[in-house]
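Here are a few exercises to help you find your way around a structure you haven't met before. Have a go at each task, then read through the solution.

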Amino acid sequence: MLKYKKFKMLGVAAAMAAALGGLSVAAQAQIVKIDGSSTVFPITEAVAEDFQKSKKGKIKVTVGISGTGGGFKKFCRGETDVQDASRPITKQEMADCKAAGIAYLEMPVAYDALTVVINPKNTWARNMTVAELKKIWEPTAQGKITKWNQVNPAWPDAPLKLFGPGADSGTFEYFTEAVTGKSKASRGDFTASEDDNVLVQGVSRDVNGLGYFGYAYYIENKDKLGAVSVVSPAGKAVGPSLETVINGTYTPLSRPIFIYVNAKALQKPEVKEFIEYYNKQAEKLVKEVKYVPLPAKAYAYNLETLSKMRVGTKFGGENKVGLTIEELMKLEAKL
């Protein structure tokens, strides 16, 4: 009798395990997988949190941070449904996605003021020209430009401590193209991290620190960081802000940021619902995380792109440095 009960209990346990296994498979079918840019992360995370609440836990959204480049590697292998990107898809990534049979929809979701930051105790470099930034960050500066006074003789004879995104970051690619003239053309002797919080800590703890990352991370930490105003060709120092991005005066470090959506993944209802929700809530949530929202018609256009399944990119695999919101909207209108 005991032997029978033992086998009966084992049978019940097996049945329960099978049932739970079935639930696990069902749960997995309700996951939206996202990875990519740390710059876009605050927006996508905010959308994901609100979306999951609206679905009362029935759909789970996972949001990773591998950097734009690292995220595209996963996206073009079909490992993720959505890609956060702080710059447009490159020609190589386009080729990788094509080779893997991955078609995608491109959606600009906000504007960012890529922000150069200093320690609050730094009183000498609150305004910088693009030429000075280039002198600091260009490849030939490695091992040579190691003190502030080597950049500008009026600045102190003090060590230059640099912090920046890693090579897989879209922010790294955009900044280098805007400042040094070529994507990924940068000195390598700096503290690099895909996690912007690491860069925040580095600059905030060193009076001689200088770094760069997305505007939202600066705003979140403005009590322990200073933002550098970039001197325009007209000689006016312009700081990063929502207003200067909107009016186009913060250049060349204003940029659109994106999500890319795997076209095949949109066959899953949860992915399609999430992308619809993203564009319907973007204007409000982009403001909440301190980025610059696009005009309402841009999000309406994204929803139309979704309904009509317009695949491909509007950028031809290239960055458009200094593109204003107005210019982006004109580009949108051509498609």
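Before we start, one sorting rule: Ala, Val, Leu, Ile, Met, Phe, Trp, Tyr, Cys and Pro count as nonpolar, Asp, Glu, Lys and Arg as charged, and the others, Gly among them, as polar. Keep in mind, too, that this is a predicted model.

**Exercise 1. The cavity**

Task: sort the lining of the largest cavity by class.

Solution. Start with who is there: Ser86, Arg87, Pro88, Tyr174, Arg255, Pro256, Phe258, Phe315, Asn319 and Lys320 line the largest cavity. Now apply the sorting rule, and you get five nonpolar, two polar and three charged residues. Next, look at where they come from: strand β13 (residues 254-262) gives the most, with three residues. As for the space inside, the largest cavity holds about 40 Å³.

**Exercise 2. The pocket**

Task: work out which helix supplies the largest share of the lining of the largest pocket.

Solution. First, find the spot: the largest pocket has a volume of about 170 Å³. It is lined by 14 residues, and Phe41, Pro42, Ala216, Tyr217 and Glu220 are the closest to its centre. Then check the contributors: α2 (41-54), α7 (196-204) and α8 (215-220) each supply at least two lining residues. The largest share, four residues, belongs to α8. By class, the pocket lining splits into seven nonpolar, two polar and five charged residues.

**Exercise 3. The disulfide**

Task: find which cysteines are joined by a disulfide, and say which parts of the chain they tie together.

Solution. Look for two cysteine sulfur atoms within 2.5 Å. Cys76 and Cys97 fit, with an S to S distance of 2.1 Å, and the count comes to one disulfide. The link between Cys76 and Cys97 is left-handed, with -75° about the S-S bond. Cys76 sits in the loop between α3 (67-75) and β3 (82-85), while Cys97 is in helix α4 (residues 91-99), so the pair ties together parts 21 residues apart in sequence. Buried or exposed? With a cut-off for buried of under 20% relative accessible area, Cys76 is buried at 6%, and Cys97 is buried at 0%.

**Exercise 4. The core**

Task: which residues touch the most other members of the largest nonpolar core?

Solution. Of the 97 residues in this core, the ones to pick are Ile43, Leu253, Phe274, Ile275, Tyr278 and Tyr291. Helix α10 (residues 269-288) brings the largest share of the core, eight residues. Now zoom in on Ile43: leaving out residues up to four places away in sequence, Ile43 touches Ala110, Ile257, Tyr278, Val286, Val289 and Tyr291.

Technical notes: Residues are numbered from 1 along each chain as its sequence is written. This is a predicted model: local features need pLDDT of at least 70, side-chain atom pairs count only at pLDDT 80 or more; totals for chains, interfaces and linings use all residues. Side-chain values use heavy atoms; hydrogens and water are left out. Buried means under 20% relative accessible area, exposed over 50%, partly exposed in between (1.4 Å probe, protein chains only). On a 1 Å grid over the protein atoms alone, a cavity is a set of points where a 1.4 Å probe fits but cannot get out, and a pocket is an open set with protein on both sides within 12 Å along at least five of seven lines; lining residues have an atom within 4 Å of a point. Grid points are joined across faces, edges and corners, and a volume is the space filled by probe spheres set on the points. A nonpolar core is a set of buried Ala, Val, Leu, Ile, Met, Phe, Trp, Tyr and Cys residues joined through side-chain atoms within 4.5 Å. Contact means heavy atoms within 4.5 Å.
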